[in-house]
Amino acid sequence: MRQTAIKAAKEAGKIIMQSFKRSLTVKHKNVVELLTKVDTDSERKIISIIKEEYPDHEIFSEETSNKKMSSDDLWIIDPLDGTTNYVHRFPFFCVSIAYSHKNNVVLGVVFDPLRDELFFAEKNKGAFLNDQKIKVSDIEQLSDALLATGFAYERGSIMKKNLEKIEKFLSSGIHGIRRTGSAAIDLCHVACGKADGYWEYHLKQWDHAAGSLIVTEAGGKITKINGEDYEVFKNDIVASNSKIHEQMLKILR
Ligand code: IPD
Ligand code: CA
Ligand code: CA
């Protein structure tokens, strides 16, 4: 299963890199959300590799209309996380693949093809970046933190709520806030200690399924923004090195 997930992520990464910097046909899913042929080609490749090995498993993938949620064996896929970046050649995008058994993510791969960085985690077996074990940062105070967040495509009440939280965090005296444009990469940054915490409203399960396991296996914590236990099909999330989690929740609640 590990080999299948890694092979699928790497093959998708090849497709993504072949078209990077070439002219792209860009469609609009709605006013702000973009779609390229690379999203769908990458998805097709990933699904064919998984289905070859696991024909009975179900697929929940961003660009597939036929999404199955209720299966014991479910693959949750974002074939290109960071499409807006990719279209603009802003260098943060990746492939995210998770395998969930009975609604628990037990395997996660996030592959950044531009940097050739493969993040991988399996339940109870630790988290790795290109075979090197990774762990979260060890800062204890929010005031020492570099955080990341994302802006939902929704530009109404969710945007306003997030802007309020950004203001609160910044005025609480943290070191800074970054916005890469790829939720899966943000989660991996928390997992390897490049960021200390991350939150985002209104994500989709394919954005965070793989990254959630990578964070927890690296010693971090992920919950819903209201503080309840993480659930793969819920979409307002906060992840951290665990030590600053309560301090982040205090601002986010
Ligand atoms: C998006 C990215 C972005 C996040 C959005 C996601 P997409 O995914 O992860 O960082 O802020 O909420 O939808 O559309 O590029 O796959
Ligand atoms: Ca995404
Ligand atoms: Ca995507």
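## K29 and its partners

K29 counts as partly exposed, because its relative accessibility is 35% and that value falls in the band between 20% and 50%. Keep in mind that you're looking at a predicted model. K29 sits in the loop between β1 (26-28) and β2 (34-36), and its side chain is in a salt bridge with that of E62, at 3.0 Å from N to O. E62 lives in the loop between β3 and β4, 33 residues away from K29, so here the chain is linked across distant parts.

What about the other side of that pair: is E62 buried or exposed? E62 is buried, since its relative accessible area is 15% and anything under 20% gets that label.

K29 has another salt bridge too, this time with E63, at 3.1 Å from N to O. E63 is in the loop between β3 and β4, so this pair ties together parts that are 34 residues apart in sequence. Why would such side chains pair up at all? Opposite charges can pair when the charged atoms come close.

## Salt bridges elsewhere

How many salt bridges turn up in a search of the whole structure? The search finds ten. One of them joins K224 and E228, with their closest N and O atoms 2.9 Å apart. K224 is buried, at a relative accessible area of 10%, while E228 counts as partly exposed at 43%. Some salt bridges share partners, and in that way K29, E33, E62 and E63 end up in one network.

## Where the two domains meet

Now zoom out. The domain assignment splits the chain into domain 1 (2-133) and domain 2 (142-252), and their C-alpha centres are 20 Å apart. On the domain 1 side, 40 residues are in contact with 25 residues of domain 2.

People often describe the size of an interface by the accessible area lost when the parts come together. Here the two domains bury about 2500 Å² between them, with 71% of that on carbon and sulfur atoms. How many salt bridges are there between domain 1 and domain 2? The count is zero, but eight residue pairs are in polar contact between the domains.

Which elements does domain 1 bring to this meeting? Those giving two or more residues are β3 (58-61), β4 (73-81), α3 (83-88), β5 (94-101), β6 (104-112) and β7 (117-122). The largest share, seven residues, comes from β6. Sorted by type, the residues on this side of domain 1 are 21 nonpolar, nine polar and ten charged.

Definitions and conventions: Residues numbered from 1 in each chain as written. Chains lettered and ligands numbered in written order. Predicted model: local features only at pLDDT ≥ 70, side-chain atom pairs only at ≥ 80, totals over all residues. Heavy atoms only, no water. Domains from an automatic or database assignment. Contact = heavy atoms within 4.5 Å. Buried area = accessible area lost by both parts, 1.4 Å probe. Salt bridge = Lys/Arg side-chain N within 4 Å of Asp/Glu carboxyl O. Polar contact = N/O pair within 3.5 Å; in protein donor to acceptor, adjacent residues only side chain to side chain. Helix = DSSP H or I, 4+ residues; strand = E, 2+ residues; numbered from the N terminus. Nonpolar A, V, L, I, M, F, W, Y, C, P; charged D, E, K, R; others polar. Buried < 20%, exposed > 50% of the residue type's maximum accessible area, 1.4 Å probe, protein only.
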